Amino acid sequence: MMTNRIERLQKFLDHNPKDEFSIYALALEYKKLKQMDEALSKLSLCIQINPSNLAAYYQLCEIYTNLNHIELRNKYLTEAKTLAKDLNDLKTLNELISLEDETI
């Protein structure tokens, strides 16, 4: 079933390679399948396309936390918290702070 979703999302991307929503959705599918390299690659692409994509930042930070890649997690957390403050997105800022406080 998941591969069907991945195939459908990939078809969308074949027609529009910069479709941020499809890239993000594909990243989440890879994350569910524990294919973290693919998930991280797609999330990074989301941020490259739209540097204000807080959801992609959050997912990146969560994966890096789970993989115990603290330096990368902290790098993206710093960027994401600054962005959340700039966008006045207090809900996401609080979620990022909670993620930062998670023990590894």
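Q: Against which helices do the buried residues of H6 pack?
A: This is a predicted model, in which local features need pLDDT of at least 70, side-chain atom pairs count only at pLDDT 80 or more, and totals for chains, interfaces and linings use all residues. Residues are numbered from 1 along each chain as its sequence is written, and side-chain values use heavy atoms, with hydrogens and water left out. Helices are DSSP runs (H or I, at least four residues), numbered from the N terminus. By contact (heavy atoms within 4.5 Å), the buried residues of H6 pack against H4 and H5 (70–86).

Q: How wide an arc do the buried residues of H6 cover around the axis?
A: Buried means under 20% relative accessible area, exposed over 50%, and partly exposed in between (1.4 Å probe, protein chains only). Thr92, Leu93, Leu96 and Leu99 are buried in H6. They lie on the same side of H6 because, taking directions from the helix axis to the C-beta atoms, they cover an arc of only 120°.

Q: Which residues are exposed on the other side of H6?
A: H6 spans residues 90–101. On its other side, the exposed residues are Leu90, Lys91 and Asp101.

Q: Is Thr65 buried or exposed?
A: Thr65 belongs to helix H4 (residues 54–66). Its relative accessible area is 4%, so Thr65 is buried.

Q: What is the relative accessibility of Lys34?
A: Lys34 sits in the loop between H2 (20–32) and H3 (36–49), and its phi is near 60°, a positive value in a residue other than glycine. Lys34 counts as exposed because its relative accessibility is 67%.

Key. Helix = DSSP H or I, 4+ residues; strand = E, 2+ residues; numbered from the N terminus. Expected span 1.5 Å × (residues − 1).
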